[in-house]
Structures are given as structure tokens and as C-alpha cells.
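Please walk me through this model in the viewer, one selection at a time, and tell me what to look for at each stop.

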Amino acid sequence: MEAGGAGSGLNGAVQAKGTGADDGSAKRLPPCCVKARAAAPESEARCHATVVSGWFTEPRSRCGKASKVQYYNNPMWPGEANSLKVEKILYQGKSLYQEVLVFESSTYGKVLVLDGIVQLTDKDECAYQEMITHLPLCSIPSPKKVLVIGGGDGGVLREVSRHSSVESIDICEIDQLVIDVCKDFFPHLSVGFQDPRVQLHVGDAVEFLRNAPEGTYDAIIVDSSDPIGPAQELVEKPFF
């Protein structure tokens, strides 16, 4: 169907590419196509394998000849997944170890996702960071040397630095990309790296601890990603 008259905006018809002369014979796009074209930048801003119809959902893995869905991405919780409405994808990239995704959600603020699994959100990160840090440190009389394993977002460092008795804080994070991305998009977390007591070590935490003399640390806080992929060794018996 052709629309008559020159249109403007989403409700009007737009002339298709041609000679530029409007003699009534040029084909025009119907309003539905005009809206689709106008929405293209928004769609691209929310384009990712885990985002469908504007919603992020932890991806599912498939198995068997019929590719039957068996688990969501994390096999520890079969049949479960988190879904969040996505306003805009802010960053997506891949390191040597994992895929890193940051998006703006409509209800939880910015969200950090590693290999398809939500790691933290602006809205509720404090509950995790505070519990994993203050419970162990408050159970030790005047802890002085603390090691954080993982924790590349800097949130645990931020909380450890609140303890005045702590003299040195080592952090061993395997993925430099996680650190860099969080400094860009989660500055209220990565502020933990600014404490002068913090010493950053980028590398394998298993090897790092193997080379550390026994009794070096008063507390070791393991803030790793889920125990699959690069963090798997951190939950196995030899590590402990």
C-alpha cells in the first residue's frame, strides 16, 4: 500500500531511495517499516546472545542427539535462571578466560555478567560484599594481613579497607579485563583498588597461594566467579 502526501516522523511515510524527485511514482515505506527502521539503533544497543526481546536470561546448554535442554548455564542449579530487562548493553568483550558483559537494567542498575552468569548488580552488590568480608574479619581479633582471591570488581577490597587494623591487602585476580571493565562501569566498587594498602597480583590464585609461606595471611577471602571455567580449581580439595 502506498501512502499519499509527504510524511515526517514515525507516523508519516518515508520516501524510499530513488531519484529524489517526488512525482507520485516513487515507492514509499509503510508506517510499520518506518517504525522498525527508527528502532534499529535501540535494537542494536540490546543485541547479545543472552538478550531476547529486551530481556537478559542466563543461557541454556544443550545435550544429547536431540539437543534437549538439560541445564541453564550453571549446572549447579538445573532449570533455574535469572532474567532482567535490559535497557542498554554497555560493554561486551572476551578475555583469555571468559566473556564479559555489562548492561544497564531497568530495575537493578548496571549488571556484570561473566560467561552468561550474573555476578553483581548496582542495586544489591553491597549485601554480598559486606557479608563475605565483615563476617570473617570480625571473627578475627585485629586481622593485619588479608588476601582476596578473585574480586576483580574491587567491592571486597572496599569493605576490607574499612578495617583499621588491616595493614596489608593482597588481591590475586586472574583476569585483567574484569578489573579494567569494573573500573570503567562500577567505580563505586573499584574504589577499593585505590587504598594504599592494596597490592594487586594478576595471575593464577592457586599458584600464588602455593608460593606463599604458610601463615602469611590472617584471613583469605575467596570472591571467585561460579566454580566452572577459570574458577573451578578454587573449590577443589587441593586448593584448600
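## The nonpolar cores

In this predicted model, begin by selecting Val146, Val148, Leu157, Val160, Ile169 and Ile171, which touch the most other members of the largest nonpolar core, a set of 14 residues. Strand 11, helix 4, strand 12 and strand 14 (219-223) are the elements that each give two or more residues to this core, and helix 4 gives the most, with three. In soluble globular proteins, nonpolar side chains tend to be buried together.

Keep Ile169 selected and display its surroundings: leaving out residues up to four places away in sequence, Ile169 touches Val146, Val148, Leu157 and Val160, and also Ser161, Arg197, Val198 and Gln199. Apart from this core lies another, of twelve residues, including Val102, Leu114, Val178 and Cys182.

## Helix 5 and its cover

Next, select helix 5, residues 176-185, where Leu177, Val178, Ile179, Val181, Cys182 and Phe185 are buried. An α-helix has 3.6 residues a turn, so residues three or four places apart point the same way. If you then show the elements around the helix, the cover over its buried residues includes strand 7 (83-94), strand 8 (99-105), strand 9 (110-114), strand 12, helix 6 (187-190) and strand 13 (198-202).

At the N-terminal end of helix 5, look for Asp175, which caps the helix with a side-chain oxygen 3.1 Å from the backbone nitrogen of Leu177. Then move to Phe185, and ask which residue's ring pairs with the ring of Phe185. The partner is Tyr91, and because the ring planes stand at 45°, with the centres 6.2 Å apart, the pair counts as tilted. This contact joins distant parts of the chain, since Tyr91 belongs to strand 7 and Phe185 to helix 5, 94 residues apart. Phe185 is among the buried residues of the helix, whereas Tyr91 is partly exposed, with a relative accessible area of 24%. One aromatic pair is the full count for the structure.

## Charges over rings

Two lysines are worth selecting together with an aromatic ring. The charged end of Lys183 sits over the ring of Phe193, 5.1 Å from the ring centre, and the charged end of Lys123 sits over the ring of Tyr108, again with 5.1 Å to the centre.

## Salt bridges

Now colour the charged side chains, among which the structure holds seven salt bridges. Side chains of opposite charge can pair when their charged atoms come close. Select Arg158 and Glu125, whose closest N and O atoms are 3.0 Å apart in a salt bridge. The two residues are 33 places apart in the chain, with Arg158 in helix 4 (residues 155-160) and Glu125 in helix 3 (residues 125-138).

Is this pair buried or exposed? Arg158 is buried at a relative accessible area of 12%, and Glu125 is buried as well, at 7%. Add Glu159 and Arg162 to the selection, and you will have the four residues that are linked in a network of salt bridges.

For a second bridge, select Lys144 and Glu167, where the closest N and O atoms are 3.9 Å apart. Lys144 lies in the loop between helix 3 and strand 11 (145-150), Glu167 lies in the loop between helix 4 and strand 12 (168-173), and 23 residues separate them along the chain. Lys144 counts as partly exposed at 37% relative accessibility, while Glu167, at 53%, counts as exposed.

A further stop is the salt bridge between the side chains of Arg197 and Asp195, with 2.9 Å from N to O. Here Asp195 counts as buried at 16% relative accessibility, but Arg197 is partly exposed, with a relative accessible area of 21%.

## Loops to finish on

Select Ser106 in the loop between strand 8 and strand 9, where this residue counts as partly exposed at 38% relative accessibility. Beyond its neighbours within four places in sequence, Ser106 is in contact with Lys85 and Glu87; Ser106 and Lys85 are 21 residues apart in sequence, yet 5.8 Å apart in space from C-alpha to C-alpha.

The last two selections concern the backbone. Most residues other than glycine have a negative phi. Asp115, in the loop between strand 9 and strand 10 (117-121), has a positive phi near 50° and is partly exposed, with a relative accessible area of 31%. Ser142, in the loop between helix 3 and strand 11, likewise has a positive phi near 50°, and Ser142 is partly exposed at 49%.

Note on methods:
Residues are numbered from 1 along each chain as its sequence is written. This is a predicted model: local features need pLDDT of at least 70, side-chain atom pairs count only at pLDDT 80 or more; totals for chains, interfaces and linings use all residues. Side-chain values use heavy atoms; hydrogens and water are left out. Helices (H or I, at least four residues) and strands (E, at least two) are DSSP runs, numbered from the N terminus. Buried means under 20% relative accessible area, exposed over 50%, partly exposed in between (1.4 Å probe, protein chains only). Contact means heavy atoms within 4.5 Å. A polar contact is a pair of N or O atoms within 3.5 Å; within protein, one must be able to donate a hydrogen and the other to accept it, and residues adjacent in sequence count only if both atoms are side-chain atoms. Rings of Phe, Tyr and Trp (its six-membered ring) pair if their centres lie within 6.5 Å; planes under 30 degrees apart count as stacked, over 60 as edge-to-face and the rest as tilted. A charge sits over a ring if NZ of Lys or CZ of Arg is within 6 Å of the ring centre and within 35 degrees of the ring normal. A nonpolar core is a set of buried Ala, Val, Leu, Ile, Met, Phe, Trp, Tyr and Cys residues joined through side-chain atoms within 4.5 Å.
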